[in-house]
Amino acid sequence: MRFEELTLEGRNAVLEALRSGKTIDRLFVLDGCQDGPVRTIIREAKKQNTIISFVSKERLDQLSETKKHQGVIAYAAAYDYASVDEMLENAKQKGEPPFLILLDGIEDPHNLGAIIRTANLAGAHGVIIPKRRACGLTATVAKASAGAINYTPVAKVTNLSAVMKQLKEEGLWFVCADMGGEVMYRQNLTGPIGLVIGNEGEGVSKLVRENCDFTASVPMRGDIDSLNASVACGVLSFEIVRQRICEK
């Protein structure tokens, strides 16, 4: 994926972005390059826990817009990430049980943007995404969210399963969207809850699924066997909204 307005090329540009605190989603470095400036860039990137990929010159040339990358290209986030603690505090201030949406490997920026939009409209207190094998907050995501990215916090975490375990200590239950799960209308989706949505092709990974408390499915009557990830998220999110309203 390449987003021109978020691509930083050249050693000075990348290093200054890192030192200024700009969130770098991913850094590409020429494999085998060990000179001082590049080592400094790598050191600064590691302080941010940035994903670093060591690639060939051919790969860098392919990614480069300017053809003057000097052995380093970085993808910067279009928006700042929030923390999970901020999301919980958001719920507390509103006097609501936490409602979080966790995405296990959503790679399509249009899907991520649509899910952030759904999260905002459904009153979710935040969206959590993993650092690896997932789309970050690009300009395409921002556009697809129709402005919701300005209001709904998104956290990027190293280990989704570890965060789920921490949130369980805060009282959250986790429901995994799965075609083989119990029909959502028969599930109790009230209280502090995390809705887990999987990758567009492979669904929720085994480790993340094992940390879920139950699975829920959307009843379907058509001729194809699955929903788009963002649509499934929308349907389940508003079933959570419905049950919360009916509980009052």
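Which side chain meets that of Asp 25 in a salt bridge? In this predicted model, the partner is Lys 156, with an N to O distance of 2.8 Å. Asp 25 belongs to strand β2 (residues 24-30) and Lys 156 to strand β7, so the pair ties together parts that are 131 residues apart in sequence.

Let's stay with this pair for a moment. Strand β7 covers residues 154-157. Lys 156 has a relative accessible area of 18%, and because the cut-off for buried is under 20%, Lys 156 counts as buried. Asp 25 is buried too, at 13%. Apart from sequence neighbours within four places, Lys 156 is in contact with Asp 25, Tyr 81, Ala 82, Ile 129, Pro 130, Lys 131 and Gly 136. As for the chemistry, side chains of opposite charge can pair when their charged atoms come close.

The salt bridge count for the model comes to eight, and a couple of others sit inside helices. Take Lys 57 and Asp 61, whose side chains meet at 2.9 Å, N to O. Both are in helix α3 (residues 57-63), four residues apart, or about one turn of the helix. Here the two residues are partly exposed: Lys 57 has a relative accessible area of 47%, and Asp 61 has 27%.

Now hop over to helix α9, which spans residues 229-247. Glu 239 and Arg 242 form a salt bridge there, with 2.7 Å from N to O. They are three residues apart in the helix, so about one helical turn separates them. Is each partner buried or partly exposed? Glu 239 is buried, at 4% relative accessibility, whereas Arg 242 is partly exposed, at 38%.

Helix α9 also holds Val 231, which is partly exposed with a relative accessible area of 41%. Val 231 joins Met 179, Met 220 and Leu 227 in a nonpolar patch on the surface, and together they have about 340 Å² of accessible area.

That brings us to strand β8, which runs over residues 173-183. Which strands does β8 pair with? One is strand β9 (residues 193-198), which runs parallel to β8 and is joined to it by four bridges. In this pairing, Phe 174 stands opposite Gly 194. Another is strand β10 (residues 214-217), also paired with β8 in the parallel sense, over five bridges. There, Glu 182 of β8 faces Ala 216 across the pairing. When you trace these strands, keep in mind that in a regular strand the side chains alternate between the two faces of the sheet.

Technical notes: Residues are numbered from 1 along each chain as its sequence is written. This is a predicted model: local features need pLDDT of at least 70, side-chain atom pairs count only at pLDDT 80 or more; totals for chains, interfaces and linings use all residues. Side-chain values use heavy atoms; hydrogens and water are left out. Two strands pair if DSSP finds at least two bridges between them. Helices (H or I, at least four residues) and strands (E, at least two) are DSSP runs, numbered from the N terminus. Contact means heavy atoms within 4.5 Å. Patches are made of residues with over 30% relative accessible area and no salt bridge: like charges are joined within 9 Å, nonpolar side chains (Val, Leu, Ile, Met, Phe, Trp, Tyr) within 5 Å. Accessible areas come from the Shrake-Rupley method with a 1.4 Å probe; for residues, only the protein chains shown count as cover. A salt bridge is a side-chain nitrogen of Lys or Arg within 4 Å of a carboxyl oxygen of Asp or Glu. Buried means under 20% relative accessible area, exposed over 50%, partly exposed in between (1.4 Å probe, protein chains only).
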